[in-house]
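Thanks, everyone, for making the time. I would like to walk you through a structure that is new to most of us, so please have the sequence and the model open while I talk.

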Amino acid sequence: MDQFIDEIKLEGAIGKLRMYHKEESICFDSTIKLLRELTTHYVTENTIFFDTFNDEMMSKFRAIQMNQQTDIEQMEKTLSGYRETKKKVEKRLEDMI
Amino acid sequence: MEIHIDKLKTTVLQLEHAIEEYEEIYMNFYHVVSSSSFFWNDERSKKFFDNMYIEKNHVKRSIDELHTVKEIYGEIISNYEQIGNRIKVQLKEKNNVVSHFNQYLDQIKLCISICKKIPLATYPEVSSLISREHAQLMKIYEETEDLKDRLVQLFDRMQEFEDQINKKVSQLQIQKMTDIREGV
């Protein structure tokens, strides 16, 4: 298998993902706030179903955030592993020279 | 139950914007992820990108779920805005309200029958007054009965709306996020 890693591009991608992840976290907070607000403007016997939906959606948002955090860490791990290997190889080459 | 249509409208609009924003972030995030496959390819990347594909679909599903709930609120608004802006009513009290109306109607009916029983020829000096009162009572009776019918219709209509919403909202199911990281 042809293996390759573009260190600069991968680092750039991680940076962007961190930024989107943060934006998403803010968006999730405001979405939950709005969903909760809606149940104060519609108070009927059906409100309980919306409350359940809101609670489940909040758990889902948390799970999404945690999963994406793990995704980013996975990429960071790959990048740092690559850098370590690169450093070792460069050191070995230097020693050989 | 208590419903504020104006406040619902404003908040649903804000929710719509929040979902749009979320969709944009979602697209950007997974676009960067899929682009990463062009510059990261090793023994771990394949499994990573396969998992990301599953995760992306899970996240897309949550956006769809938010759209569904927003549409249900939209339906609530379009149903109730025909009735009023701020609605506060106890639907369970319908029978009590009807019963009070019926009692009132019975009392008017009684007054009408008393008016009818008065021999106008015996009291010619008040006959026109009694006739006027009789006509007035008949009018009040018809108007009250009409009001009662309209109120019953309104109660039934709101109950019907609530049943429709119940059918939709009770079917709302959120797909659980399973830990798709296992084994990566």
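In this predicted model, strand E2 of chain A, residues 42-43, pairs with strand E1 of chain B, residues 2-4, and the two run in the antiparallel sense over two bridges. If you look for one position in that pairing, Tyr42(A) stands opposite Ile3(B), which belongs to E1(B).

From there we can turn to the wider contact between the chains, which takes 39 residues from chain A and 42 residues from chain B. On the side of chain A that touches chain B, the elements giving two or more residues are strand E1 (4-5), H1, strand E2 (42-43) and H2 of chain A. And which of these gives the most? That is H1(A), with 15 residues. By character, the residues on this side of chain A divide into 18 nonpolar, ten polar and eleven charged.

Let me now move to the largest nonpolar core, which has 39 residues, and in which Leu38(A), Leu8(B), Phe29(B), Ile72(B), Tyr73(B) and Ile76(B) touch the most other members. At least two residues of this core are supplied by each of helix H1 (7-41) and helix H2 (47-96) in chain A, and by each of helix H1 (5-35), helix H2 (45-80) and helix H4 (127-169) in chain B. The largest share, ten residues, comes from H1(B).

To finish with one residue from that list, Ile72(B) touches Ile165(B), Lys168(B) and Val169(B), if we leave aside residues up to four places away in sequence.

Definitions and conventions:
Residues numbered from 1 in each chain as written. Chains lettered and ligands numbered in written order. Predicted model: local features only at pLDDT ≥ 70, side-chain atom pairs only at ≥ 80, totals over all residues. Core = buried A, V, L, I, M, F, W, Y, C linked by C-beta atoms within 7 Å. Buried ≥ 20, exposed ≤ 12 C-beta atoms within 10 Å, placed from the backbone. Helix = DSSP H or I, 4+ residues; strand = E, 2+ residues; numbered from the N terminus. Contact = placed C-beta atoms within 7 Å. Nonpolar A, V, L, I, M, F, W, Y, C, P; charged D, E, K, R; others polar. Pairing = 2+ DSSP bridges.
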